[in-house]
Amino acid sequence: MKKFAGLILAVCIATYAAAQTNNNEFSRKVSTRGYAEKEVTPDIVYLSISLKEYFADGNNKKKVDIETLEKQLYDAALSIGVKKEDFTIQNIYSYNAETKKKGNTELLQAKQYRLKISNLNGLNSMMDKVDPKGVQSTSISGYDHSQKRQIEKELKVAAVQDARANAEIIASATGDKIGKALAINDNSSFGWNDIMPTPRAYSMAKVQMEAADGVGNMDQELDISVRPIKLTCNIDGVFELL
């Protein structure tokens, strides 16, 4: 019985000694933060366009219907590379339109579309193929980047490498070296929302009035200046000291 108790005691002492060794080993560590940044320019725009039926010359017998306008926009969008699945209807509504006959109104249809456009240089040519009198408004609802995930991956890798480099600088000051990574904490929060603009609408009524006067210039209103943004990434790392 005494031999058995002594054996248990010996095992407990050995386990405690091993635990103390491990605790001492892992207490020799250094914590740092890695940082990476990259400037990118969005290459995708989300465009919202509202089309409306109207009467040619105010005559209620010559209605330009929504199906005609929609086909113009659809064909024009596909001609600049917009995919079918990226041409969607956001809303359908109606409005009262007055005709030349006093007090005579008729219910007309209108639709709002959302287009995901990668060919930003084709915006003007697309809108040139749509009847301007049938365009109620346009607005930019957002921007994006086709290589978003790859960019995020590159930034995370660079941030981890920077965290290790910072740890090596600290360790060299104490005459130590860096071993394996004990913990990595991903604090990255990419600023893609920084390229989301406040939705801005442009009424086509002004274009139509200017066109009637011979001074209309739709191109100026559709030029999109996409400015680059800076994305940042922060990674916390804990490294073993040797």
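This passage describes the nonpolar cores, the strand pairing and the aromatic pairs of a predicted model.

In this predicted model, local features need pLDDT of at least 70 and side-chain atom pairs count only at pLDDT 80 or more, whereas totals for chains, interfaces and linings use all residues. Residues are numbered from 1 along each chain as its sequence is written, and side-chain values use heavy atoms, with hydrogens and water left out.

The largest nonpolar core (a set of buried Ala, Val, Leu, Ile, Met, Phe, Trp, Tyr and Cys residues joined through side-chain atoms within 4.5 Å) holds 25 residues, of which Ile49, Leu51, Leu73, Leu115, Ile117 and Met126 touch the most other members. Two or more residues of this core are given by each of β2 (44-52), α2 (66-79), β6 (105-117), α3 (123-128) and β7 (135-144), and the largest share, five residues, comes from α2. Helices (H or I, at least four residues) and strands (E, at least two) are here DSSP runs, numbered from the N terminus. When neighbours within four places in sequence are left aside, Leu115 is in contact (heavy atoms within 4.5 Å) with Val45, Tyr46, Leu47, Leu73, Ala77, Asp86, Phe87 and Met126. A second, separate core of 11 residues includes Val40, Phe190, Trp192 and Ile235.

Strand pairing, which requires that DSSP finds at least two bridges between two strands, joins strand β1 (residues 29-40) to strand β10 (residues 229-241) in an antiparallel arrangement with 12 bridges; Arg33 has Asp236 as its bridge partner in β10. Strand β8 (residues 178-186) also pairs with β10 in the antiparallel sense, over six bridges, and the partner of Ile178 in β10 is Leu241.

Two aromatic pairs are present in the structure, where rings of Phe, Tyr and Trp (its six-membered ring) pair if their centres lie within 6.5 Å, and planes under 30 degrees apart count as stacked, over 60 as edge-to-face and the rest as tilted. Tyr74 and Phe87 form an edge-to-face pair, with 5.2 Å centre to centre and 90° between the planes, and this pair links helix α2, which holds Tyr74, to strand β5 (residues 87-98), which holds Phe87, across 13 residues. Phe87 and Tyr113 form a tilted pair at 5.4 Å centre to centre and 40° between the planes; because Phe87 lies in strand β5 and Tyr113 in strand β6, the pair ties together parts that are 26 residues apart in sequence. Tyr74, Phe87 and Tyr113 are thus linked by ring pairs into a cluster. With buried meaning under 20% relative accessible area, exposed over 50% and partly exposed in between (1.4 Å probe, protein chains only), Tyr74 is partly exposed at 26%, whereas Phe87 is buried at 11% and Tyr113 is buried at 0%.
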